[in-house]
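Open the model in your viewer and keep the sequence panel in sight. We will go from stop to stop, selecting as we go.

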Amino acid sequence: MANGIFFEAKNLTMRFGGLVAVNNFSLKLNGGELMGLIGPNGAGKTTVFNMITGTLVPTSGKVIWLDEDITGLPPHEITARGIARTFQNVRLFVDMTVQENVMVSFHHKIKASFWQAMFGLRKYTKEEERIREESMTLLRQVGLAHLAGEKAGALAYGQQRRLEIARALATSPKLLLLDEPAAGMNPQETMELADFVREIRDTFDLTIFLIEHDMKFVMGLCERIKVLDYGNTIAEGTPDEVQNNPEVIKAYLGEPKNAAG
């Protein structure tokens, strides 16, 4: 795996009028890390992801990727540089097959011109066949090859989540951001997802940064965790350190059992 800091968020702040959604958020990620971001609803977690991936331009602060300031670049340029993400709600093309969904994400690699594609010229057809082969290789790696011809909308929910992650992997990321990947899953699916996340981290040599509300999932999976509350960072550390932090217990995990009152 890669070593050393290659991603840094420096004092990211996002204001919407008079509302400060995120205040001075800073983060450094090392190669190969698996880090979590937690906090109550409305804490600003997805806003952080949106600033990193170009959906929102921060009011102030910087996003540094491989020594380049990528603050405010459009999402497609950030994806091209090696940062991919998933979303809270599954965003698949439900009437397309599993393989076609993955192929869509591979099409950024096509170098053929519009006219070569339009008239089905040899350069385009060769690239299309290569993408078809690469998409099947990826589906085998994520355990979905047997469903390649199925409509995405017909998959079980856990399989749809896995397919969405596969689409992100098709962009060849170095940093993968997962926004509540376990949302809506039953305990068995959640356990399988945790294994899957570890597997793709190792197989694809990824750094993974994820948002999650399922505390058992995030505490058992992540090596380091950062906690937001009302847009402010209130804690950062190992799962044990975070679980025993009084501010975290108060803001997110609930009051201690022996608390007065």
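What follows is a walk from the whole chain to single strands, loops, a pocket and one side chain.

**Stop 1: the whole chain**

Remember that this is a predicted model. Show the chain as a cartoon. You should find 10 helices and 10 strands. The chain has 261 residues, and 49% of them count as buried. Now switch on the surface. The accessible surface comes to about 12,700 Å². Carbon and sulfur atoms hold 51% of that area. Contacts reach far along the sequence too. Take those between residues at least 6 apart: 67% of them join residues at least 24 apart.

**Stop 2: strand E3**

Select residues 34–38, which form strand E3. Is this strand enclosed or open? Five of its five residues are buried, so E3 is largely enclosed by the rest of the structure. Look at its two faces in turn. Leu34, Gly36 and Ile38 sit on one side. Met35 and Leu37 sit on the other. Both faces are covered.

Next, add the partners of E3. Strand E8 covers residues 207–211. E3 and E8 run parallel, joined by four bridges. Click Leu34 and look across to E8: Ile208 stands opposite. Strand E9 pairs with E3 as well, again in the parallel sense and over four bridges. Two pairs show how these strands line up. Leu37 has Lys226 of E9 as its bridge partner. Ile38 has Val227 of E9.

**Stop 3: strand E9**

Select residues 224–229. How many of the six residues of this strand are buried? Six of the six are, so E9 is largely enclosed by the rest of the structure. Show the side chains. Arg224, Lys226 and Leu228 point one way. Ile225, Val227 and Asp229 point the other way. Notice that the buried residues include Arg224, Lys226 and Asp229.

Now add residues 232–237, strand E10. E9 and E10 run antiparallel, with five bridges between them. One of the paired positions is Asp229, whose partner in E10 is Asn232.

**Stop 4: two unusual backbone angles**

Stay with E9 and E10. They form a hairpin with two residues between the strands. Click Tyr230 in that loop. Most residues other than glycine have a negative phi. Tyr230 is not a glycine, yet its phi is positive, about 50 degrees. Is Tyr230 buried or exposed? Its relative accessibility is 67%, and the cut-off for exposed is over 50%, so Tyr230 counts as exposed.

Move to Asp205. This residue lies in the loop between helix H7 (187–203) and strand E8. Asp205 also has a positive phi, about 55 degrees, and is not a glycine. How accessible is Asp205? At 40% relative accessibility, Asp205 falls between the 20% and 50% cut-offs, so it counts as partly exposed.

**Stop 5: helix H3**

Select residues 98–106, helix H3. Seven of its nine residues are buried, so the helix is mostly covered by the 20% cut-off. Colour the buried ones: Val98, Gln99, Asn101, Val102, Met103, Ser105 and Phe106. Keep Ser105 selected for the next stop.

**Stop 6: the largest pocket**

Rolling a probe the size of a water molecule over the atoms shows where empty space is left. The largest pocket holds about 470 Å³ of space. It is lined by 20 residues. Which residues are closest to its centre? Select Thr79, Arg85, Phe87, Ser105 and Thr171. Now colour the elements around the pocket. Helix H2 (75–80), strand E6 (83–85), H3 and H6 each supply at least two lining residues. H2 gives the largest share, with four.

**Stop 7: Glu164**

End on helix H6, residues 157–169, and click Glu164. Why does Glu164 count as buried? Its relative accessible area is 5%, and buried means under 20%, so Glu164 meets the cut-off. Show what surrounds this residue. Beyond its neighbours within four places in sequence, Glu164 is in contact with Thr86, Phe87, Asn89, Val90, Arg91 and Leu92. Phe87 is also among the residues closest to the pocket centre. Finally, draw a distance to Arg91. Its backbone nitrogen lies 3.3 Å from a polar atom of the Glu164 side chain.

Conventions:
Residues numbered from 1 in each chain as written. Predicted model: local features only at pLDDT ≥ 70, side-chain atom pairs only at ≥ 80, totals over all residues. Heavy atoms only, no water. Buried < 20%, exposed > 50% of the residue type's maximum accessible area, 1.4 Å probe, protein only. Polar contact = N/O pair within 3.5 Å; in protein donor to acceptor, adjacent residues only side chain to side chain. Contact = heavy atoms within 4.5 Å. Areas by Shrake-Rupley, 256 points an atom, 1.4 Å probe, with all protein chains shown as cover. Pairing = 2+ DSSP bridges. 1 Å grid on protein atoms, 1.4 Å probe; cavity = no way out; pocket = protein on both sides within 12 Å on 5 of 7 lines; lining within 4 Å. Points joined across faces, edges and corners; volume = space filled by probe spheres on them.
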